[in-house]
Amino acid sequence: MYRVVIIEDETTVRRGIVLTIDWFSLGCMIVGEAANGEEGMELVLRLSPDIVVTDVKMPKMDGVEMITKLRQAGCRSRFIILTAHSDFKYAQSALRLGVSDYLLKPLKDGDLEEAVGTLVRTASGPGAGMTAGAGVGPGAGMAAGAGFGPGGGMTAGAGFGPGGRMAAGVVSGPGADAFPIYGFQTDRSAQNSYVEGAIRFIRHHYQEDISISTVAHELEISEGYLSRMFKKETSYTFTNYLIYYRLRLAMELLMDCRVKVYEVADQVGYSDTAYFSAQFKKIVGLSPSEYQSRFGTVPV
């Protein structure tokens, strides 16, 4: 997975970027956040993320100064900058520092996802030098040999396959082909109104003891009809969709190393921690504690 840091002084904007985008579907994970340039520089130097999304105008140190100092320190992360219309000329200086993309604020739906997706495709496409064998070193930083090289291609030692998916044999995590949950989207919608209603019900009640009969009763339709339409529209049975939804949220929660496994289990609707752990290992490919140890960080 590509490691991403978000640097934005407006809390609502920053949290919106972190929480509303399906980062896993982009082949990415959020590993840190910062509210100003000084915090951001320290975080980037410490975590060595692959991608940094940063505002331009921030307190203590602006985005351009931060990127300048990071480049001087040898940082090879890819940068996407966020800028208001009035900041455009100011932001142009950042482009001379090798910034990969800039987006105008306020962001439109899909803008950031498209920019990140372009970076991922560029880094994993033909001629980018992608090979299997990347690892995650101490503190979850990219191990020696991996990273972005000149021109934005991943250098030898990285382990992402086409489309940003993990390649076979990569030691930093299971592949999306073997474990489809890595491509599962929690924000999907459906054309059928009943299926859409069922998805919305899961979104609001996943922490409760629910089943397809619960939802069918709520929607006032037959369980059989809902079961057939749900599978037709989503390619998942209702039960599997609910499991995947809960475990994807669990994966996000486990990114915080301060959170206990039993707390995560309870938050996503599992009263039995042992059962949660077994199901997590079966579907994600790692136990909750292994996943947290490998990918988790302590938020700043």
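## Strands, helices and a ring cluster

Strand E3 (residues 51-55) is mostly covered, with 5 of its 5 residues buried. This is a predicted model, and E3 makes a good place to start looking around it. Ile 51, Val 53 and Asp 55 point one way from the strand, Val 52 and Thr 54 point the other way, and all are buried.

E3 has strand partners that you can follow by eye. With strand E4 (residues 78-83), E3 pairs in the parallel sense over 5 bridges, and Thr 54 has Ile 81 as its bridge partner in E4. E3 also pairs with E1 in the parallel sense, here over 4 bridges; Thr 54 is the bridge partner of Ile 7 in this case. Strand E1 (residues 2-7) in turn pairs with E2 in the parallel sense over 6 bridges, and Val 5 stands opposite Gly 32 in E2. How enclosed is strand E2 (residues 28-34) by the rest of the structure? Of its 7 residues, 6 are buried, so E2 is largely enclosed.

Now to the backbone around these strands. Most residues other than glycine have a negative phi, and most peptide bonds are trans. Several places in this model depart from that pattern, and the table gathers residues with a positive phi.

| Residue | Phi | Place |
|---|---|---|
| Ser 48 | near 50 degrees | loop between helix H2 (37-47) and E3 |
| Lys 60 | about 70 degrees | loop between E3 and helix H3 (63-72) |
| Glu 220 | near 60 degrees | following H7 |
| Ser 235 | about 70 degrees | just after H8 |

Two of these residues can also be described by their accessibility. Ser 48 counts as partly exposed, at 41% relative accessibility, while Lys 60 is exposed, with a relative accessible area of 63%. For the peptide bonds, look at Lys 105 and Pro 106: a cis bond joins them, with omega about 0 degrees. Pro 106 has its place in the loop between strand E5 (101-104) and H5.

Let us move on to the helices, beginning with H7. Ile 212, Val 215 and Ala 216 are buried in this helix. They cover an arc of only 100 degrees around the axis, which puts them on the same side of H7. On the other side of H7, His 217 and Glu 218 are exposed. What do the buried residues of H7 pack against? Their contacts are with H6, H8 and H9.

Helix H8 (residues 223-234) can be read in a similar way. At 1.5 Å a residue, its 12 residues should span 16 Å, and the end C-alpha atoms are 16 Å apart, which agrees. The buried residues of H8 are Leu 226, Met 229, Phe 230 and Thr 234. These cover an arc of only 105 degrees around the axis, so they sit on the same side of H8. Arg 228 and Lys 232 are exposed on the face turned away from that buried side. The buried residues of H8 pack against helix H6 (193-205), helix H7 (212-219) and helix H9 (238-253).

Phe 230 also leads us to the aromatic rings. A pair of aromatic rings is described by the distance of the centres and the angle of the planes. The structure holds 14 aromatic pairs. In one of them, the rings of Phe 184 and Tyr 244 have centres 5.6 Å apart and planes at 70 degrees, so the pair is edge-to-face. This pair links distant parts of the chain, 60 residues apart: Phe 184 is in the loop between helix H5 (111-124) and H6, and Tyr 244 is in helix H9. Phe 184 is buried, with a relative accessible area of 0%, and Tyr 244 is buried as well, at 13%.

The rings of Phe 230 and Tyr 241 form another pair, with centres 5.3 Å apart and planes at 85 degrees, so this one is edge-to-face too. Here the link runs from Phe 230 in helix H8 to Tyr 241 in helix H9, 11 residues apart. Phe 230 counts as buried at 0% relative accessibility, and Tyr 241 counts as buried at 0%.

Which residues do the ring pairs link into a cluster? The members are Phe 184, Phe 230, Tyr 236, Phe 238, Tyr 241 and Tyr 244. One more ring deserves a look: Arg 246 lies over the face of Tyr 270, at 5.7 Å from the ring centre.

Technical notes
Residues are numbered from 1 along each chain as its sequence is written. This is a predicted model: local features need pLDDT of at least 70, side-chain atom pairs count only at pLDDT 80 or more; totals for chains, interfaces and linings use all residues. Side-chain values use heavy atoms; hydrogens and water are left out. Helices (H or I, at least four residues) and strands (E, at least two) are DSSP runs, numbered from the N terminus. The expected span of a helix is 1.5 Å times one less than its number of residues. Buried means under 20% relative accessible area, exposed over 50%, partly exposed in between (1.4 Å probe, protein chains only). The arc is that of the directions from the helix axis to the C-beta atoms. Contact means heavy atoms within 4.5 Å. Rings of Phe, Tyr and Trp (its six-membered ring) pair if their centres lie within 6.5 Å; planes under 30 degrees apart count as stacked, over 60 as edge-to-face and the rest as tilted. A charge sits over a ring if NZ of Lys or CZ of Arg is within 6 Å of the ring centre and within 35 degrees of the ring normal. Two strands pair if DSSP finds at least two bridges between them.
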